[in-house]
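Q: Please take a close look at a single part of this model and explain how that part is placed among its surroundings.

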Amino acid sequence: MSQKELRRVYIMERVVNGQLTVRQGAELLGLSERQVKRLKRRVAQSGMAALAHGNRGRKPAHAIPVAVHEQVVSLVGGQLKDATCEHVSELLAERNGLKMSARSVRRILARAGLTNRHARK
């Protein structure tokens, strides 16, 4: 947990236990009283885990699959080793039917530790 989340848990525990009012909790958290009441109700139902964001741990719907990452890395490591990221993205669309931005190709290659030979000095 981050410092911000720990602080939020600490303050909400005090609000739930009655050591702080909803108004005081709202001021400390920088939220409205309505939001603190909503959080308090969720904490009472689900515990402190309710304070975490609902999308935590989920993979984004628009994430590029791992198989595509591996395919891009293998192509750039072999056949397309002299191509720029822009050229690689065009060739992927043309040959393999994978529509991907040059920026995404660059990010995949950076994670794999492959550098662009055509980068400016």
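A: What follows is about helix α4, its partner α6, and then the salt bridges.

This is a predicted model, in which local features need pLDDT of at least 70 and side-chain atom pairs count only at pLDDT 80 or more, while totals for chains, interfaces and linings use all residues. Residues are numbered from 1 along each chain as its sequence is written, and side-chain values use heavy atoms, with hydrogens and water left out.

Helix α4 covers residues 66-77, 12 residues in total. Helices here are DSSP runs (H or I, at least four residues), numbered from the N terminus. From its first C-alpha to its last, α4 reaches 16 Å, close to the 16 Å expected at 1.5 Å a residue; the expected span is 1.5 Å times one less than the number of residues.

The buried residues of α4 are Val68, His69, Val72, Leu75 and Val76. Buried means under 20% relative accessible area, exposed over 50%, and partly exposed in between (1.4 Å probe, protein chains only). Seen down the axis of α4, these buried residues fall within an arc of 135°, so they line one face of the helix. The arc is that of the directions from the helix axis to the C-beta atoms. On the face turned away from the buried side, α4 carries the exposed residues Ala67, Glu70 and Gly77.

The buried residues of α4 pack against α5 (85-96) and α6 (102-112), where contact means heavy atoms within 4.5 Å. In α6, the buried residues are Ala102, Ser104, Val105, Ile108 and Leu109. They cover an arc of only 160° around the axis, which puts them on the same side of α6. These buried residues of α6 pack against α4 and α5. The face of α6 turned away from its buried side holds the exposed residues Arg103, Ala110 and Arg111. Just after α6, Gly113 takes a positive phi of about 85°.

The structure also holds 2 salt bridges, each defined as a side-chain nitrogen of Lys or Arg within 4 Å of a carboxyl oxygen of Asp or Glu. One joins the side chains of Glu5 and Arg56 at 2.1 Å, N to O. This pair links distant parts of the chain, 51 residues apart: Glu5 is in helix α1 (residues 3-17), and Arg56 is in the loop between α3 (33-46) and α4. Glu5 counts as partly exposed, at 24% relative accessibility.

Arg23 forms a salt bridge with Glu33, their closest N and O atoms being 3.0 Å apart. Arg23 lies in helix α2 (residues 22-29) and Glu33 in helix α3, so the pair ties together parts 10 residues apart in sequence.

Key:
Helices (H or I, at least four residues) and strands (E, at least two) are DSSP runs, numbered from the N terminus.
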